[in-house]
Amino acid sequence: MSRAVILHARRACRDLLSGARGAAGCLAIAGALAACGADSATTPPPPPPPPSSDTFALRILADARGKRVGAAGDAGFRLTGSDGNQFRSVLAREYNLLTPENDMKFDHVHPAQGTFRYTGADSLVAFAEANNMKVRGHTLVWHQQLPSWLTNGTWTQNDVSLMLQDHIKQVVEHFKGHVVAWDVVNEALNDDGTLRSSFWSNYLGRGYIETAFTAAHLADPDAVLFYNDYNIEGVNQKSDSVYAMVQALKLRGVPIGGIGMQGHFQVNGVPSTLQQNMERFAALGLKVEITELDIRVSLPSTSASLNAQADDYRKVFQACLNVNACDAIITWGFTDRFSWVPSVFSGWGDALPFDAAYVHKPAYTAIYSLLK
Ligand code: XIL
């Protein structure tokens, strides 16, 4: 580890400690920093890290690289007892960015017409702030997880346009100053690049995308506003279409600030054009983030498949390190104990850097070794 990285990491941990609340995780980090005090320019590089608690956490290493490393969470977050404690302490120790996995979605925050409920999301935001983590808002406009009062109602086009704008205004204003970035529009396109048929597009056509970004910017001009989607990580028909769309939006002055590439991969499925694709979006003046990374393997996993998975994690993090505009990578969860993968991709799982017992997997070690 270079001296600069160590110094930066020390400073980052001091900040974390003076933020006071990271407690348990930071104590481990503080121990590691004390150990690091013995380091000198002549000391040979340390042996491969984890799994143990006397190492730097990912967030300290990522910070030293000018990147954020995040995780999605809500399952597990509110558990009581040791499982909940473990979930929260690993989350706070390792990550400096938090995305609510479900708690900010339309059906969660807007369960009845005119009724907004923020209890779940507020508790996640409070947890993040207590642990010196930033929050990514997810997601304002999506075709899934919409409440039935909305999808089953009878509306005019104008009603839907006003409801879309009002929803965005209410939610973004509620979290203003607490959320650094929003996935404003999620998954608006089909794999062939055409507009997805959805509640929003069926009423409003393509124009809902621009309306949504404009409303979000009005509500919080400081938040970075993202278009987020899957299967747009490599150069392909769908990412070409997203590219054309956001280029046109930018030309018209629509306040879009970033592209979220979800990154739900199958092992050995990281596209070879990932970095090239990031670079072309970056050249439009956009941030690029990997927003929902997980890399599933066929179950039961084997040491070979988990090593292949680690290589894939390394490829994704390397691409992000190589592109300045890539300022964050967020995994969709962090422990195999709580992951959407097995319920959606039957026969697949073990997609995250920690196993179901919160033990580091080769994927974690690969990320760690790359960042350090
Ligand atoms: C998923 C959550 O992980 C699940 O808990 C929920 O049941 C369904 O949604 N793309 C997205 C995320 O943008 O919001 C989805 O999250 C996963 C796919």
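The side chains of D327 and K287 make a polar contact at 3.5 Å. The model in which this contact occurs is predicted.

**D327 and strand 9**

D327 is placed in strand 9. Leaving out residues up to four places away in sequence, D327 touches G66, K67, R68, K287, V288 and E289. The C-alpha atoms of D327 and R65 are 9.5 Å apart in space, while 262 residues separate the two in sequence. Strand 9 covers residues 326-331 and is among the elements over the buried residues of helix 13.

**Helix 13**

Helix 13 has 20 residues, 303-322. At 1.5 Å a residue this helix should span 28 Å, and its end C-alpha atoms are 28 Å apart, so the expected and modelled spans agree. Its buried residues are S305, L306, A308, Q309, A310, D312, Y313, V316, F317, A319, C320 and L321. The cover over these buried residues includes strand 1 (68-73), strand 7 (264-266), strand 8 (287-298) and strand 9 (326-331). Helix 12 (274-282) and helix 15 (362-371) are also included in that cover.

**Helix 4**

Helix 4 runs over residues 81-94, which is 14 residues. The span expected at 1.5 Å a residue is 20 Å; the end C-alpha atoms are 20 Å apart, and therefore the two values agree. The buried residues of helix 4 are D83, G84, F87, V90, L91, A92 and E94. These pack against helix 3 (58-64), strand 1, strand 2 (97-100), helix 6 (119-130) and helix 15. Strand 1 and helix 15 are thus named both for helix 4 and for helix 13.

**T291 and S239**

T291 lies in strand 8. T291 is buried because its relative accessible area is 1%, and buried means under 20%. The side chain of T291 makes a polar contact with the side chain of N228 at 2.7 Å. Not counting residues up to four places away in sequence, T291 touches R136, D183, N228, G260, M261, Q262, I330 and W332.

S239 belongs to helix 11, residues 237-251. Its relative accessibility is 0%, so S239 counts as buried. A polar atom of the S239 side chain lies 2.7 Å from the backbone oxygen of G234. With residues up to four places away in sequence left out, S239 touches I232, G234, N277, R280 and F281. The C-alpha atoms of S239 and D192 are separated by 9.3 Å, with the two residues 47 apart along the chain.

**The ligand**

The ligand is surrounded by 13 residues, of which the closest are E101, K105, H138, N186 and E292. This shell divides into 3 nonpolar, 6 polar and 4 charged residues. Pairs between polar side-chain atoms and ligand atoms are listed below.

| Residue | Side-chain atom | Ligand atom | Distance |
|---|---|---|---|
| N102 | N or O | oxygen | 3.0 Å |
| K105 | polar | oxygen | 2.8 Å |
| E187 | N or O | nitrogen | 3.2 Å |

On its own the ligand has 420 Å² of accessible area, and the protein covers 79% of that. K105 is thus one of the closest residues to the ligand and has a polar side-chain atom 2.8 Å from a ligand oxygen.

Definitions and conventions: Residues numbered from 1 in each chain as written. Predicted model: local features only at pLDDT ≥ 70, side-chain atom pairs only at ≥ 80, totals over all residues. Heavy atoms only, no water. Helix = DSSP H or I, 4+ residues; strand = E, 2+ residues; numbered from the N terminus. Expected span 1.5 Å × (residues − 1). Buried < 20%, exposed > 50% of the residue type's maximum accessible area, 1.4 Å probe, protein only. Contact = heavy atoms within 4.5 Å. Polar contact = N/O pair within 3.5 Å; in protein donor to acceptor, adjacent residues only side chain to side chain. Near = heavy atom within 4 Å. Areas by Shrake-Rupley, 256 points an atom, 1.4 Å probe, with all protein chains shown as cover. Nonpolar A, V, L, I, M, F, W, Y, C, P; charged D, E, K, R; others polar.
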